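Here are some exercises to work through with the model open beside you. Try each task before you read its solution.

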Protein chains: 2
Amino acid sequence: MKISKQYVPPTLTVDMVIFQIIDGHLQVLLTQRARPPFKDVWALPGGYSGVGYTTLESTTAVVKRKAGVDINQQLAHVEQLHTFDTVARDPRGHAVAVVYSGYGQDIKPVNPLQKTKFFDVDGLPEIAFDHKDIINHARDRLRTRLAYTNVTAAFLPSRFTLTDLQTVYEAILSRKLDRRNFRRHITSLDMVHDTGHVKTSGAHRPAKLYAYNSLSIGVIKSRLL
Amino acid sequence: MKISKQYVPPTLTVDMVIFQIIDGHLQVLLTQRARPPFKDVWALPGGYSGVGYTTLESTTAVVKRKAGVDINQQLAHVEQLHTFDTVARDPRGHAVAVVYSGYGQDIKPVNPLQKTKFFDVDGLPEIAFDHKDIINHARDRLRTRLAYTNVTAAFLPSRFTLTDLQTVYEAILSRKLDRRNFRRHITSLDMVHDTGHVKTSGAHRPAKLYAYNSLSIGVIKSRLL
DNA sequence: GCAAAAGTGTTTGGGATACACCCATGC
DNA sequence: GCATGGGTGTATCCCAAACACTTTTGC
């Protein structure tokens, strides 16, 4: 390209991949598109990002408006995923999309105009644009994060049982883990601690409730070489 | 933000962090800025990205023009790093920068107008904009990639000794590794193979030359949980 | 023969995996 | 007392780390 006085930037958009775990299944939030292109097809919540607003600010506004989800209140963690910019990805014209991913727990989307709901990532409907690729990208990222961060905290309430935590790991990894080995692994990480409380939930022994040592999501071990 | 007919996108720019390793030191390519802001201060090569061009296409053009480096010919690997978008990062106005990182070997930058050269990452001069943060981000990413990809191939010629390879690891990790353990680690990875040739380079035993099994950079082990 | 880098082997500790039994509760 | 999920211990294997001597070459 040439730089010139006629410089015209592409449209800048934002999209968001919001994950939560329900009944042991990883789910992603989608909204049904209100207008063409892809009218009535399911898509990630997204919209325009204009000059003067960071892409995260735009994302916050767009997700609130289109999906009724308050990023700051209802998501425990948000991070930038990737920027998608192929010229043909939007039939209306060249749009560069900065995509964020967010994780939360017990999220209730609200949209008075369009259908907005969570889908199991393994049972997705037809998806608009390149949003299927974006979801897969987010899913890979989340899986990778498991190994060296405390990102699982974002999917759980402040107090939880080790079985709850194991369910989160299993939903993200899509495989079963051995309970005894899992518990030893977790306790050796110095990531959670016993709160002294228990949860009684039926005709069986009550489970101890745990809490994360750190409230923020970050790296917990480095594993270099 | 509001969506309206007066939608104005921010300026879209691209920057590139190019790393190579010289004499056991990780180096990054910088160019001296030709005009304000930050005139004569060192910065990452970068420029505008206009409608109709992917950010990678724009990056390719900009890096060729401002630093004389041909991304396709002289870099063994390029990947998108992150998008930086704080409103205040450019004093001229809101600019969203999609940043790429690239790795190569024996790169000779050429710029007839402005000074363009490689600096040791541990001996950087004053840096324009938020480019120091960007370089650190790229460095962290590179370090992380070491553990589970064959990214080191990008820093080496097609045939190399295990000592050469160890030098690459040490430059990126900023620490010395035990030669015996390093060699066992590498050979256990099934990532390189003995070519049957040797390199004689002085008053000592010749070293075997190795080559990567795969020509492309990618994940070589998964390590999940 | 000596300097300089290449090449190799053993031991030890910790984490990952595989696997089976007892505990506390509601009904 | 029995069904249900919670909680624990042991043996094995593999990988990471610590560590020192021999080999091949040029001069």
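Two strands pair if DSSP finds at least two bridges between them. Helices (H or I, at least four residues) and strands (E, at least two) are themselves DSSP runs, numbered from the N terminus. This is a predicted model, in which local features need pLDDT of at least 70 and side-chain atom pairs count only at pLDDT 80 or more, while totals for chains, interfaces and linings use all residues. Residues are numbered from 1 along each chain as its sequence is written, and chains are lettered from A and ligands numbered from 1 in the order in which they are written.

**Exercise 1. Find the strands that pair with β1(A), and give the sense of each pairing.**

Step 1. Start with β2(A), which pairs with β1(A) in the antiparallel sense over four bridges. Here Ile21(A) has Leu26(A) of β2(A) as its bridge partner.

Step 2. Look at the turn: β1(A) and β2(A) form a hairpin with two residues between them, and Asp23(A) in that turn has a positive phi of about 50°.

Step 3. Move to β4(A), which runs antiparallel to β1(A) and is joined to it by three bridges. Asp15(A) has Gly46(A) as its bridge partner there.

Step 4. Finish with β6(A), whose pairing with β1(A) is parallel and spans nine bridges. In this pairing Ile18(A) stands opposite Gly102(A).

Step 5. Now check burial (a residue is buried if 20 or more other C-beta atoms, placed from the backbone, lie within 10 Å of its own). Ten of the twelve residues of β1(A) are buried, so the strand is largely enclosed by the rest of the structure.

**Exercise 2. Describe α4(A): which of its residues are buried, and what covers them?**

Step 1. Take the length: α4(A) has twelve residues and reaches 16 Å from its first C-alpha to its last, close to the 16 Å expected (1.5 Å times one less than the number of residues).

Step 2. List the buried residues of α4(A): Leu165(A), Gln166(A), Val168(A), Tyr169(A), Ala171(A) and Ile172(A).

Step 3. Their cover includes β1 (11-22), β2 (25-32), α3 (131-148) and α5 of chain A, where contact means C-beta atoms, placed from the backbone, within 7 Å.

Step 4. Just past the helix, Ser174(A) takes a positive phi of about 60°.

**Exercise 3. Work out how chain A and chain B are related, and how many residues each gives to the contact.**

Step 1. Superpose the copies by least squares on the C-alpha atoms of residues with pLDDT of at least 70 in both. A turn of 180° and a shift of 0.0 Å along the axis lay chain A on chain B with an RMSD of 0.1 Å.

Step 2. The two copies are thus related as by a two-fold rotation axis. The same surface serves both, since 100% of the contact residues of chain A recur in chain B.

Step 3. Count the contact: 35 residues come from chain A and 35 residues from chain B.

**Exercise 4. Which residues come closest to DNA strand C?**

Step 1. Call a residue near if its C-beta atom, placed from the backbone, lies within 6 Å of the strand.

Step 2. DNA strand C is surrounded by 23 residues, the closest being Ala203(A), Arg205(A), Thr163(B), Arg180(B) and His204(B).

Step 3. Among the elements, α5(A) gives the most to this surface, with five residues.

Conventions
Two residues are in contact if their C-beta atoms, placed from the backbone, lie within 7 Å.
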